Each structure stands twice: as C-alpha cells, then as structure tokens.
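Visitor: Could you walk me through this protein, one step at a time? I would like to see how each answer is reached.

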Amino acid sequence: MAGLSDLMREYERARFPAHRRLDLHGEGPRVARERALRWIQSRAHEAPGEELLLILERGGRPGRGPSPAASEVGRLLRDLEGKLIDWWQPFAPGSLAVRIANEPNVLPLPRPSRRPTGDGRTEETAGSARPPPRLDIPPELYEMASRTAELRISREGLSIGVLEVVLREVWIEVQALAMERRLTFAAALEDVFQAETRKQLEM
C-alpha cells in the first residue's frame, strides 16, 4: 500500500510541477479556504487556463468522509466554479485538480493600455513569456519578497532551484492581496511575510 501511495505522489509531481501544487494538508478549515482562495486568485492573474492541484489530505483511511478542511475547500470551489475556475474534480486520494478559467470574471479589469494592440506586452518583454520576478518587484521590496519565498520553500520542502517560481507566486499573491484589501504593496507584502513566518513557527 505504501508503494502505491509513493507511485501516486510521483505521478502528482510529474503531472503538476511545484508551482502548480498547493499543499493544505494539516490546515484547519478557515486557513485552508483562505490559502486556497488567495492561491487561485494569484494563479488566475498569472496564468488563466492553467490546471492546478490542491493537496488536502494524506494518509486518510479508505471510506472515511472528507475532513472539515476538505469540505470547506470543496464549498469554496463550488462558489468559484464558472467564475475563477472552469471545473474541479478529484485527482488522487486526498487531492483535487482545478482548472483556472480562460477568462476569470471576478478579477479587477486591467487598466486600458494607450496602445491596445498586440498581446499587451511591453517592448521590453516582447518575445519572452514573462519578465523575471526581479524586474516586476520594486527594488525596496525585493529582499523581503525573497525572504518570504525562501520561508515558503523551506516550509513546503521544495528545492531552492524553484526560488524564482515561488518568488513570482509570492509577488502575484501580494498584488492580489493589495487589490483585494486596498493596501500598498509594502503593507500587503508585510502581511504575506508575517503569515509565512507564523506558519514556519507552527511547524
């Protein structure tokens, strides 16, 4: 049975790279819902149409009902279906696959460009998928954003090789939080950093 579990986790890692997996195992219902919502909002800003994996439970007994956290996240996904997400479904025991909508319709509309031609990239980013996080993050916030990403990598047991991926995830989360709560980027980053610090201490 342990071998099958290992194979399933290996399949998860192959199907969903680290930046498309969110591990909520062990979180309470409220925290699991909030983290899932923030992450889905962030990925919707960053990569509409992307498929994600939410890991909710590990090592549960067969036939046992969903945990309170899994039930709460399920309610959240039902609320988001047809808005931020196209669909969601079980992927493996204890995990759910989620597909971000191609055109998420509860996000703030972007400010119109003065030159609404092309795909919306600037001259500096044309020809590349996205600029590196270092170019997106204000210099005065880069050090704290990096420390936040390093805390998350440590907590989730990821390789330091994915630092840029996690750093971009952190910055998108900060921007979404700033828009949602009408905060400055500095205040939103401080909130995300403090949340990561608390989670690290709770481990």
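**A guided look at the model**

Visitor: Leaving aside its neighbours within four places in sequence, which residues is Ile-85 in contact with?
Guide: Here, contact means heavy atoms within 4.5 Å. With neighbours up to four places away in sequence set aside, the contacts of Ile-85 are Ile-40, Leu-77, Leu-80, Val-98, Arg-99, Ile-100 and Ala-101.

Visitor: Thanks! What kind of model is this?
Guide: Residues are numbered from 1 along each chain as its sequence is written, and side-chain values use heavy atoms, with hydrogens and water left out. We will meet pLDDT, the predictor's confidence in each residue, from 0 to 100. Local features need pLDDT of at least 70, side-chain atom pairs count only at pLDDT 80 or more, and totals for chains, interfaces and linings use all residues: this is a predicted model.

Visitor: Which stretch has pLDDT below 50?
Guide: The mean pLDDT of the protein is 77, and 77% of its residues reach 70 or more. Among its elements, strand 2 has the highest mean, 91, and helix 1 (residues 2-15) the lowest, 65. One stretch has twelve contacts in the model beyond near neighbours in sequence, yet its pLDDT is below 50: residues 107-129. Where pLDDT is low, the predicted coordinates should not be read in detail.

Visitor: How many helices and strands are there in the protein?
Guide: Helices (H or I, at least four residues) and strands (E, at least two) are DSSP runs, numbered from the N terminus. Along the sequence they follow the pattern α-β-α-β-α-β-β-α-α-α-α. That makes seven helices and four strands.

Visitor: How far apart are the end C-alpha atoms of helix 2?
Guide: The expected span of a helix is 1.5 Å times one less than its number of residues. Helix 2 (residues 29-46) has 18 residues, so it should span 26 Å. The model agrees, with its end C-alpha atoms apart by 26 Å.

Visitor: Is Leu-77 buried or exposed?
Guide: Buried means under 20% relative accessible area, exposed over 50%, and partly exposed in between (1.4 Å probe, protein chains only). Leu-77 is found in helix 3. Beyond four places in sequence, this leucine is in contact with Ile-40, Leu-54, Ile-85, Trp-88, Leu-96 and Val-98. Because its relative accessibility is 0%, Leu-77 counts as buried.

Visitor: Which element gives the most to the largest nonpolar core?
Guide: A nonpolar core is a set of buried Ala, Val, Leu, Ile, Met, Phe, Trp, Tyr and Cys residues joined through side-chain atoms within 4.5 Å. The largest one has 21 residues, and those that touch the most other members are Leu-24, Ile-40, Leu-54, Val-73, Leu-77 and Ile-85. Two or more residues come from each of helix 2, strand 2 (51-55), helix 3 (68-80) and strand 4 (95-100). With six residues, the element that gives the most is helix 3.

Visitor: And how many residues does the other core have?
Guide: This core lies apart from the one we just toured. Among its members are Leu-141, Tyr-142, Leu-189 and Val-192, and its size is 17 residues.

Visitor: How many residues apart in sequence are the parts that Glu-173 and Arg-38 tie together?
Guide: A salt bridge is a side-chain nitrogen of Lys or Arg within 4 Å of a carboxyl oxygen of Asp or Glu. The side chains of Glu-173 and Arg-38 form one at 3.5 Å, N to O. Since Glu-173 lies in helix 6 and Arg-38 in helix 2, the pair ties together parts whose separation in sequence is 135 residues.

Visitor: Does Glu-173 count as buried or exposed?
Guide: Not counting residues up to four places away in sequence, Glu-173 touches Arg-38, Ser-42, Arg-152 and Val-192. Its relative accessibility is 8%, so Glu-173 counts as buried.

Visitor: Which residues do salt bridges that share partners join into one network?
Guide: One pair to start from is Glu-156 and Arg-155, whose closest N and O atoms are 3.7 Å apart. At 24% relative accessibility Glu-156 counts as partly exposed, whereas Arg-155, at 15%, counts as buried. The network holds Glu-27, Arg-35, Arg-38, Arg-152, Arg-155, Glu-156, Glu-169, Glu-173 and Glu-196.

Visitor: With which residue does Glu-50 form a salt bridge?
Guide: Glu-50 is buried, because its relative accessible area is 14%. Its partner is buried too, with a relative accessible area of 5%. The closest N and O atoms are 2.9 Å apart, and the partner is Arg-43.
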